[in-house]
Structures are given as structure tokens and as C-alpha cells.
Amino acid sequence: MALASGPARRALARPGRLGLGGCGAPRRGAYEWGVRSTRKPEPPPRDRVYEIPGLEPITYAGKMHFMPGLARPVFPPWDPGWTHPKFRRLPPIHEQPLYKDQACYVFHQRCRLLEGVKQALWLTKAKLIEGLPKKVLGLVEDPRNHIENQDERVLNVISHARLWHSTEDIPKRETYCPVIVDSLIQLCKSQILKHPSLAKRICAQNYRLSTTWNRESLLLQVRGSSGARLNAKDPLPPIASREEVEATKNHVLETFYPISPTIDLQECNVYDVEDDTGFREGYPYPYPHTLYFLETANLRPHRFQPDQLRAKMILFAFGNALAQARLLYGNDTKVLEQPVVVQSVGTDGRVFQFLVLQLNTTDLASNEGVKNLVWVDSDQLLYQHFWCLPVVKKKVVVKNEDILANTDKTSECPQLFEMRLVSSLQPTFPEGHCNSPGKRQEEPTREEKADAPTQSSILLCAGNKNCGQPGALHLVISLINSDPCSPNISGRAAEKRCPFNKTLSTYIVHKLQCIIITFFFPLLIQNQTTR
Amino acid sequence: MAAARYWRLVPRGPGLSLHTAAAAAVTAPEMIGPAVAAAPVARYPPIVASLKAKSKAARQRRVERWQAMVHAAESVDEKLRILTKMQFMKYVVYPQTFALNADRWYQGFTKTVFLSGLPPPPAEPAPAPAPALDLAALRAAACDCLLQEHFFLRRKGRPPLYREYETIGSPFLDQLVAALMGLLSAHNPALAAAALDCKRPVHFYWLRGEEIIPCGHRKGRVDALRYQINDKPNNQIRMSKQLPEFVPLDYSVPIEIPVMNCKPDKLPLFKRQYENTIFIGSKTADPYCYGHTQFHLLPDKFKRERLLKKNCADQIEVVFRANAIASLFAWTGAQAMYQGFWSEADVTRPFVSQGVVTDGKYFSFFCYQLNTLALTTQADKNNPRKNICWGTQNIDCYVKICLG
């Protein structure tokens, strides 16, 4: 027992709590202790004099040195009078000024909702309508809203973003996604001569939003900054008529029992319920027009799935609309006479999601009554595939750098762009949806192909060789014969072809060939002898 | 090869060295040359210097062969590749530099004459009467951008240390450029169709001057000085049509370019060896290959208060000028190279671009006309052309922002 000290002694003293289930897993409060090596040693236990009431302990505090027989003095904790910002310790959660007993579920920009759009609709008490409203689509079809040389200019924009804007051979998504969005917005803004109201808008980055609302005894909050927001001087007019709004009373919100609607939201007890639109009073462009969400992470697991992105768009658009409504009409919960409309565009550089949200009511606590309306146009591809490098098959250039547009729906490309144009066109029209000309979408195949090359290119090479010999022999021969230029892959796979062309990779391939030969040679001999 | 064969036939006297024998051999056929040239077909292949010998003539022949390769390149990409593929130690020129009197040095590196004020207006009036410039609307837009970034937009936390100006200035400049482009597209329809880049790199690589290598295995030999600019303007506008020239291509400016009597290392300028790139902001395939305007934001390192505290009040203008000269030379030079011009194939039309340099409050406007790319010693021997840069003084955009 004397050998055990500190936590070991504590563990021995309370054997019942040693490990969860006895498997050696740390206890729940383990991380409260801190790392053992840096933990301060525990203070020695107090003398028994202090536990006896009525006794005044005589300590050696005045003597300024230890005296056996006298009690150890207990000093009040030292207050240095100032706090170094590096070593500032926050008070415990219960003592923080904003602590509240009721937990609040906060949605921030990195929340990925499990149930996606369904959960977002429940949280915002909204009804989903697939496809954009007719008013917006009407603006899309209107030939007056078309830009001259639209297809060519959009192709230029895509080529610029995917290939030209960087010195690298293949620009990464982190750079090409914002470039493509900015270029499309710039293209829409070029119509300012035809639509002078485009000048009454301004874009704001890094704004901070904060709104809170009650939903069936749950306190929900949208907080944070996410992407860019286009502000306008005039509000967007409501899209759905009064009758349609009244008709939503009959709609029943879809629940997803047994999953709680607060799943994937951050639960916290320290929060502020004040609404914040992100801008101060007197801002000349007070009305939110369109929000832009960019998924720019290079790795697919770091990007939001389309469903999660749509949910995020719904919630942030709702947050902006709610903050705006409360600013205009006060904090009372009521059905709005002038619904607030906010639009939203989300993209990862190729797939676009469009959204229009109409906030009809701020009475969100109950499940009955008027619901809010959400129009969603999901998974619009701007283009199907983009080859940054020429596709080479058997040392012959089969395909130059090119973009593959949607072959199925040839008219979607202009439409997608129209939507974007429309969304940015007139503030008084809900066109704000970014209808980017349907970018052809062949992305799914590209995504798959993109994954393939990350696996060993050697296997691909081997697979591509039309060699009749089975087994290891085939692999060895194809490896030896593998031509750097022959891999039969395209698109993003073509990017992965590069390893063969680079000297380091050829060295590695050569080394692997040598290793494989030495390993496989005995197998070959075995095979041949067994045959 | 024929020459070599011919040399072996010529008997070498005891006192004659190989070089003189070769010279004799070279001159001998030349005397016969006119007689032979009278016949329509030359009977002997041309006598040229060796290709691989360790001689000046051989080096000259190799250089000429390389230049012929560049001239014969079919595409601009190939030309740029041949010009930039060999990497050697080069000076890295930073447009935004704290060096004292950097603008005089940069004028020397780029053969630029600096003229204060703006260039003369074009002689012919505008073909069509443009709508009146709505200054009030432009001023209102600028005020809105300024106030949004400085006051109305609530940002999270404090900006990082020594980046306050950039955190506010960069989005302000973005908004301002976008707003002005929209409002001014009525006067200039090409602006509506222009491409706007945000923080895209601009690179340029060039050779200017020579030096004697002080140490190393090539000590004592003459070597060209190489420079590289890697710039990142905050915004730039690119167009598909070139801006018209301010002054004719061979306009002679009586002002002399400042000549510095020491090596560029004294600036201070440091040498590094890395990739030589020439880039205007997008690749050669882009149809928007001509530049219009660049917008530069000076970082906090060059803010006025800091320079005044360092007793460098006269360097405030220098910082703006150096930035403009270097950045605009790099941009116009890269544009010219994208069109296939290089130091041995000098520009046949001037390349013009504009620039605005600001630190958030003070703006300076510059115009640059690139008249010559022939800056190497060999090409610059009889080159009277100079590049010209016009620039204004610092103009403050606003006096004070009153909050509340």
C-alpha cells in the first residue's frame, strides 16, 4: 500500500470503480483529473484540529517555518490581482454568467443532421415543395433574362475555375469552388445594364447570425457564420399567395421517431438568447437576399453530403428570415402578414442546390397552424465531368482537356445558370435563386473514378493489360510491361496517372517490380511445376 | 562536321596553334566563297562554330540555337516552357518591400521611367457621347462599402495581430471593386464582360543586366542577372480586348532611368532557385488575356503610422510607387509574353495596364505602359524604348469615419 500513490492509491481504495466493466477503460470523470504527469500533487490532508469544532488551531504560519507539533496553516487561495490571457481559467459552467438551466440546441455551420432535410423541416416547421416556385422558373424561361453568348461564357467560367485560374495542372476544390461561384455571380452582375436594381445589392462575408426559437418545449438556436450573404435594399416579395399559406395548416410535419429531432445539434447550457442579424442598426442593405454555402474541402468525407447541405441551407435561411422578421415585426409569435423570403444556394463546385424559404409564421412552438414554405431544387449539375489533363490511351491522346456537359438534358445547362442569374437579378422577384445553367452532371461517375485511382495504380495497370495468362505471372508481366502512359483512366483518374510520369514514382514502381519479382518468382516456379 | 574534316586536311605548321589553323581554314573557304557563290548552289555546307567546344564561339552558337528554338516554337506555352525550364539562382523581387528607395532600384530593373501625374488624355474624343458620370452614386456606393466593413458588419473576435488593416481592407476593396465595376459598366460595356480575379497570383521572370560570378566553379565568367516577381494583387480586372495605348510605342521620355552603382544585393535582394513562372492570373487558353486594372492592398507592415515612427516619412510614397512599378511591370510583361513576345522578339504594340495601390485609407493611382521587353544585355544594346509608369500622390479616400 505504501508503494501506491496518488491515483493508484485512489484506485486501490475504491476498487469498485476501477475501470468500466473491469476492462481497464477510463472512468467517466477521468479527464477531469488531467494528465497524470502534469497534474499538481494533491495537497496533504488537513489536520484533525480543523475538524474539531470549537478548537482554535495553532499553526506555524507566524513562525514562517515548519514546527513539529503545530498545525499546518490553511491559507486562502492566492489572488494575483490580474489574469494572464494564456493562463486564464474560465469559471465552471454553473458559475458562468450566461448559464441557464434549460438546455439549448444550437445549430452551427458544421452540424450534419442525421435526418437531413426532414429534420430541418421539422425544426423550422416548414413544408417542402420540390422544385423552385413557378415565378422563379418563369423568370428562367424569360428570354429577356438570357445573357448573350450564355453557353460560351459559362463554359469559359467553368474552364477558368477548373483549369486556368491557377498555375497548378489540376486546381484543388478549395480554390476552384469559390472561383466558380464568384465568376458566376460576376456574370450575373454583368446584366446590370438591363437590370439596374442589381446595383442595390452588396455582399457580406463573415457575418455572424444568431436566432433562437422554441419548438415543442425545445429551445433551438442557429448561430454562427457560414459563407457569404447577399443583402438588398428592398425585401423579396412573397412567393406563395395567402391561400397557399392558409392551405399549409392542413399539412402534418413528418416525424422520424425514434430519432430525436435534436440529434446532431450541439447541446449547451451557456448561451445567449439575443437575436443578432449580423449587422448593426441603420445598415443601408438590411434585407437578406441570398445566402451562399460553399463546400470547399478537398476530401470527400470533409464535405457535407447533398442532403446535409440542404438541411444546413434550410436552417440558415430560416435563421436569417426569423431574425429579420423579429427585427421588423417584433418578438411576438404570430402569423406574418408580410412573409419574409430568403433564398439560398449551396454548392461544392459542381453540384448546386437551390432553395427558397418563405417564413409565414413566427409561432413555432406548436405543430399546428400555418407552416413555413420551402422550395428546394436539389442536385443540379453544372457540368458532368471536367478533364484537366489529356486522356492518353496507348500513347495516343484520346481526349484533350475538355468539359463534359450533361448529355441527357441539353437545356439544363442554360437553366442552371438562369437560376443563378434570376436569383441575383431583381430583388423584387424571387428569382434570386441561382439558376446556374444546368451544369451537366456526370459527377457521380467522376466521383467513383476519383476514388479508383487512389487505390494502387499498379493494380489498375495490371487490370488493364489484356494478358491471357492467369495469376501471379500475369501480374508480374503486366507490371514489367506496364507503360506509364497506358492506364486506361480518365478525368480525375487521369490526375492519378501522374505518379507514373513522375520520376520518383517510376523509381518506386521499379522498386516494387523488383520486390514483386523476387517474391513471385518462387510462386511462378511453383505454379509451373504444379501445372 | 565538314569543317572538322577540312581542318584535318590542312597541315599544321610547327608554330601554328589549332585556333589559328582553324582561323586559316575558316578564312580560306570564305575567299573561295564569293567565287563559289557565283554558282547557284553552294558546294560546301556553311562553316559554323563548334557546338560543344569550350569556346566563346561555341557558346554563342548554343545560345543562338536556343533562341532559334524559341522563335520556332509553335505555341506560346511551348515558348514559355523553353524560356523558363532551366532554373538558376535568381533575385526574388517583392513588389511590397520595406527597402529604402526601392522604387529607384525597381525602375532600373525594369527599365521604367516614372512620371508623376496621370498620362495625357487620348487625342480623339470618345466616339459616342457617354452618359454623365454619376459621381453621387459612385460616392454612395463607396461609402456603403466602407461603412459596411468598418462599422455595420459585426465580426467575431479581434482580427489577428498586425492584420487589422488587411482584415477590414481586403473585403472592403473586394466590395468596392465589384460595386464600381457594376456602376461604371454603363460607360464602358467591356467592363461588364470583364473577368474579375480575387487574390490570384501574378508571376513574371526576366533577365536584365550581367554580372561577373564572384565565386564557385564558374568564377570569373559573365552571367546574366535573373529576376522573378511573385505577386498577389487583391483584385484584378482582365479583359479580352487590349487597352489603347497612352503614348506611341517609341515615345522618348527625356528623363533618365536611375542607375544604381552597386549589385542588387544591396537593396536588399536575395537569390533563390525555384520554379520560373510567368502567369497573368489565368493560363494562356483564357480569352481574357489582357489586363485592365489591378488593386493592391498594403499590409500592416507598411502602414503610415509605422513608417512615421521609424522616421521614414519620405518612404511612404516610395512604398506605393515600388509596388506599382513592380506589379504592373510583371503583369504587362506576362501579358506580352502570353502574346508570344519575349526579349529577342520585342513587343510590336504597347501593353497598357492600370493599378490602384491602397492601404485602406490612402489611394494612389498608376498607369503603366510596357514598350519593351528587351531587357537582356544582348537585346538592350540599341534599344531606345523605355517603359513608362505614371503615378499620382496619395489621396485619402475619407477623412474620418464617425461611428454612431
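**Helix H8 and the strands beneath**

I started with helix H8 of chain A, residues 306–329, in this predicted model. Helix H8 lies across S1, S4 and S5 of chain A, and I noted that H8 runs at about 90° to S4(A). Strand S5 itself covers 218–224.

**The sheet**

Next I looked up which sheet holds these strands. I found an open sheet of four strands in chain A, in the order S4-S5-S1-S7, and its pairing is mixed. The edges are S4 (209–215) and S7 (266–270) of chain A, each of them pairing on one side only. I also took down the twist: on average, neighbouring strands here are turned by 35° against each other, direction ignored.

Then I followed S1, residues 99–107 of chain A, to S7(A). The two run antiparallel and are joined by four bridges. For a residue to click on, try A:Tyr105, which stands opposite A:Glu267 in S7(A).

**Chain A as a whole**

I counted up the chain while I was there. Chain A has 14 helices and 15 strands. Of its 531 residues, 47% are buried. I checked contacts between residues at least 6 apart in sequence, and 73% of them join residues at least 24 apart. The chain exposes about 28000 Å², with carbon and sulfur atoms supplying 56% of that area.

**A patch on chain B**

Last stop, chain B. Here B:Leu118, B:Phe365 and B:Ile395 make a nonpolar surface patch of about 270 Å². I placed B:Ile395 in strand S12, residues 395–396 of chain B. Is B:Ile395 buried or partly exposed? I log B:Ile395 as partly exposed, because its relative accessibility is 41% and that class lies between the 20% and 50% cut-offs.

Conventions. Residues numbered from 1 in each chain as written. Chains lettered and ligands numbered in written order. Predicted model: local features only at pLDDT ≥ 70, side-chain atom pairs only at ≥ 80, totals over all residues. Heavy atoms only, no water. Pairing = 2+ DSSP bridges. Axes fitted to C-alpha atoms, helices over the stretch in contact; angles between N-to-C directions. Contact = heavy atoms within 4.5 Å. Patch = residues over 30% accessible without salt bridge, like charges linked within 9 Å, V, L, I, M, F, W, Y side chains within 5 Å. Areas by Shrake-Rupley, 256 points an atom, 1.4 Å probe, with all protein chains shown as cover. Salt bridge = Lys/Arg side-chain N within 4 Å of Asp/Glu carboxyl O. Buried < 20%, exposed > 50% of the residue type's maximum accessible area, 1.4 Å probe, protein only.
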